[in-house]
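This report introduces the structure shown below, with attention to its aromatic rings and the charges placed over them.

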Amino acid sequence: MTHIEENQTASKLSKTKDVIAYLAAKFPACFYAEGDAKPLKIGVFDDLAARLDDDETVSKTRLRIALRHYTNSWRYLRTVKAGVERVDLDGKPAGIVEEQHQQHAEETLAASKAAAAERAAAKRKAEADKKPRSRAPKAAPANAARQARAKRPARKPAAASASSTNASNTAKAAQPQLAATTVAALKVGQAVHVKAGVAPIPGSITELDKNDVHVQLQNGLTVKVNVAAVFVAKQE
């Protein structure tokens, strides 16, 4: 019996990484806790549910979440190439990856990397905003007038200004009013918004892990963020 099995037989696993480690221990020819992965048989969840039907270690809900997380990981998506053999739970051949499957994997990987880059940029910006800014040197008197004129905004027609104001008000009205939250106030399945880049992205919670929250975004991607990046709609 493995370390994971010994420690978890008394209660069901609740963390995705522990479920994946458990699957890697139960089906070592199919799942891998780290390193390169292999494309899985289409419909492998049904096989898992049947094989683990009497297993008290993990629920079907946790199995589904962990499988989605596993197949959305970068290391898995990189292996989905046309012509590569898929495997079943015992590592036996179970079909071939088709061209459309590779295309979907490449699109999912690109979208996941873009979301990660946005989160990294937002984190760097937040850290930069916390640092004290040094005062800019005063401009020479001879250039002060020219700089003042350069900074003066150009006048816009009244009609255009009114149109712009109305559009801005409409956009603000369409956006939900969001508020920061805590892990204690959240629950699995709850609709939330994740701050990743310029605008918050809607999604739903799939897992809570201390101060980290796993959220499945509307585009299908699952991201792990700190609770500080999670917001909920304000109650009116």
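A residue is called buried if its relative accessible area is under 20%. In this predicted model, Tyr-70 and Tyr-76 are both buried, and Phe-31 is buried as well.

Before turning to the rings, it helps to consider confidence. The protein chain has an average pLDDT of 80, with 76% of the residues scoring at least 70. For residues 1–10 the pLDDT falls below 50, and this stretch makes eleven contacts in the model beyond near neighbours in sequence. Residues 158–165 also have a pLDDT below 50, but that stretch has zero contacts in the model beyond near neighbours in sequence.

The model holds two aromatic pairs. The planes of Phe-31 and Tyr-70 stand at 65 degrees, with ring centres 5.2 Å apart, so this pair counts as edge-to-face. Distant parts of the chain are linked by the pair, since Phe-31 lies in the loop between helix H2 (16–26) and helix H3 (44–51), whereas Tyr-70 belongs to helix H4 (residues 60–71), 39 residues apart. Tyr-70 also pairs with Tyr-76, where the centres are 5.7 Å apart and the planes are at 55 degrees, so the arrangement is tilted. Through these ring pairs Phe-31, Tyr-70 and Tyr-76 are joined into a cluster.

Charged side-chain ends also sit over aromatic rings, as the table sets out.

| Charged end | Ring beneath | Distance from ring centre |
|---|---|---|
| Arg-64 | Phe-45 | 4.0 Å |
| Lys-113 | Trp-74 | 5.6 Å |

Conventions. Residues numbered from 1 in each chain as written. Heavy atoms only, no water. pLDDT = per-residue confidence, 0-100. Contact = heavy atoms within 4.5 Å. Phe/Tyr/Trp six-rings, centres within 6.5 Å; stacked < 30°, edge-to-face > 60°. Helix = DSSP H or I, 4+ residues; strand = E, 2+ residues; numbered from the N terminus. Buried < 20%, exposed > 50% of the residue type's maximum accessible area, 1.4 Å probe, protein only. Lys NZ or Arg CZ within 6 Å of the ring centre and 35° of its normal.
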